[in-house]
Amino acid sequence: MRYNWSRYLRLILAGIAGSTLVGWYFGFPLYGLLTGLILYLWWTLLQARRLYQWLGNPSGSDEPPQSIGMWGHIFDSLHKLHQGHLSKQDSLRSRINRVQDSTNSMREGVIMTNTRGEMEWWNDAAEYLLGFQRSTDRGQYIQNLIRSPAFKAYFEKRDYAEPLELNSPARPHIHLEFQINQFGDDDRLLVVKDVTRLHQLEQMRRDFIGNVSHEMRTPLTVISGYLETMVDHGDELPAKWRRAIQTMATQSSRMEALITDLILLSMIETGEHSADQEPIDVSAMIGQIGNDARALSGDNNHQIEINVTGQPLLKGDQKQLRSAFSNLIFNAVKYTPRDGQIVVSWRADKDGAQLSVKDTGIGIDSSHIPRLTERFYRADPSRHKDTGGTGLGLAIVKHVLINHDGHLEINSRIGEGSEFTCHFPRERLIDGGPDQAVR
Ligand code: ADP
């Protein structure tokens, strides 16, 4: 409703004119005018005081003071505005309550932290899974409540592409998966899932493969031993058995290699993120593997070159790293035709280190590359009989690198060759190691 200002102005002027007229009637027109003005000022101050008292009313829901003219209009408009705000506040509060109720009904824990990593809000599931307490933990640094070094590193890394798995600090029998999402000005929303059952199944699968492989190893060693003895005395065997025994010996040594790789893979997987921290001279290690690769190449006459740039000392597990690097270098020999070139390079600088194995071999079609590190995945299944591989080599490489906080990069073009690069973070390098030039 619009207010009629000119009418209000006319009323005031009429009032003042009236009081002047009354003054004039008694012979004091100026006093009459002054009295009119003072009365009007007094009334205005009175209305302003009523407004002030009403606005200062903490409940804010009282009816507005009644008045006439402009002041009555101001009181009504302010009252309407206030009612509007109250109803918006109510609907906002009920929406927030709904969101809180729905997040509280979730099985996943949800935690909100601010830019400094202080806890602002969390739901009931987070309270159960992580043992937070509303009365004391609001405003605490989340890293003071989840005290695992792995969580601290994950939280501070700000690369949340992969989730983190940890045991619950409050209930160690619960295995949790943390996924962090960033929003606003570096605020973070953590979603915590109970993955105990999946973790147990995964553990059972690993244990099963590890146990079966161990159990098969002994009888297989006996069979292989006898078969080798028979192959050694092949002349004494009837001719029709010689070929069969030879084939059986070849297949049983393939099975032995497979079982050795399965046991190694299950060991590496079980020890995920816990690689030993012994100093390893990568330069010496790839030198030795290079010699073995030359022996493997034999008459195929591959040119095998080894370059080492920067400091060669890496913290890690000797056995695991040897296995990963051998798999890559031997693969280069297996998948590169005779007279091909293989370059093994180690480069370390302030950003970290890389070991790359580059060959001029058969290459891999880009459609296979994302799946190459899966167990038993082969780019060209028809070839694997020739190479004698187990199909587990790159799976081993991937898990060894995970244990060393690194990752594998594969670049390849069919018919042109491949490059496999192992990336290690700066923290894995040992400072002050001998600097080696290209050799
Ligand atoms: P395998 O025992 O079959 O070599 P890996 O896990 O080591 O198993 O490798 C998986 C597959 O990746 C191989 O079967 C092969 O198709 C492909 N591959 C690995 N290394 C190379 C390479 N240097 N050049 C071409 N293909 C490769």
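The legends below accompany several close-up views of one predicted protein model with a ligand.

Residues are numbered from 1 along each chain as its sequence is written, and side-chain values use heavy atoms, with hydrogens and water left out. Because the model is predicted, local features need pLDDT of at least 70 and side-chain atom pairs count only at pLDDT 80 or more, whereas totals for chains, interfaces and linings use all residues.

**View 1. Division of the protein into domains.** The protein is divided into domain 1 (5-100), domain 2 (106-194), domain 3 (198-270) and domain 4 (278-428), with bounds that come from an automatic or database domain assignment. Taken over C-alpha atoms, the centres of domain 1 and domain 4 are separated by 85 Å.

**View 2. The shell around the ligand.** The ligand is surrounded by 21 residues, where a residue is near a molecule or strand if one of its heavy atoms lies within 4 Å of it. The closest are Asn331, Tyr335, Asp359, Gly391 and Leu394. By class, the shell has 10 nonpolar, 7 polar and 4 charged residues; Ala, Val, Leu, Ile, Met, Phe, Trp, Tyr, Cys and Pro count as nonpolar, Asp, Glu, Lys and Arg as charged, and the others, Gly among them, as polar. At least two residues of the shell come from each of α11 (318-334), α13 (393-403) and β12 (417-424), the helices (H or I, at least four residues) and strands (E, at least two) being DSSP runs numbered from the N terminus. The largest share, 3 residues, is supplied by α11.

**View 3. Polar contacts to oxygen atoms of the ligand.** A polar contact is a pair of N or O atoms within 3.5 Å; within protein, one must be able to donate a hydrogen and the other to accept it, and residues adjacent in sequence count only if both atoms are side-chain atoms. A polar side-chain atom of Tyr335 lies 2.8 Å from an oxygen atom of the ligand, and a polar side-chain atom of Lys334 lies 3.4 Å from an oxygen atom of the ligand. Ala379 instead places a backbone N or O atom 3.1 Å from an oxygen atom of the ligand. Of the 530 Å² of accessible area that the ligand has on its own, the protein covers 97%, with areas from the Shrake-Rupley method with a 1.4 Å probe and, for residues, only the protein chains shown counted as cover.

**View 4. Helix α13 and its surroundings.** Since 9 of the 11 residues of α13 are buried, this helix is largely enclosed by the rest of the structure; buried means under 20% relative accessible area, exposed over 50%, and partly exposed in between (1.4 Å probe, protein chains only). The buried residues are Gly393, Leu394, Ala395, Ile396, Val397, His399, Val400, Leu401 and Asn403. What covers them includes α9 (239-270), α11, β11 (407-413) and β12. After α13 comes Asp405, whose phi is positive, near 60 degrees.

**View 5. Glu269 and Arg205.** Glu269 is found in helix α9 and is buried, with a relative accessible area of 5%. Not counting residues up to four places away in sequence, Glu269 touches Arg205, Arg206, Arg375 and His399, a contact meaning heavy atoms within 4.5 Å. Arg205, in helix α8 (residues 196-232), counts as partly exposed at 28% relative accessibility. Leaving aside neighbours within four places in sequence, Arg205 is in contact with Glu269 and Arg375.

**View 6. Val192 in strand β5.** At 0% relative accessibility, Val192 counts as buried. Leaving aside neighbours within four places in sequence, Val192 is in contact with Glu108, Gly109, Ile111, Leu129, Leu130, Leu176, Glu177 and Phe178. The C-alpha atoms of Val192 and Ala125, which are 67 residues apart along the chain, are separated by 8.7 Å.

**View 7. Two loop residues with positive phi, Asp186 and Asn301.** Most residues other than glycine have a negative phi. Asp186, in the loop between β4 (175-183) and β5 (187-194), has a positive phi of about 65 degrees although it is not a glycine, and at 25% relative accessibility Asp186 counts as partly exposed. Asn301, in the loop between α10 (282-297) and β7 (303-309), has a positive phi of about 55 degrees and counts as partly exposed at 42% relative accessibility.
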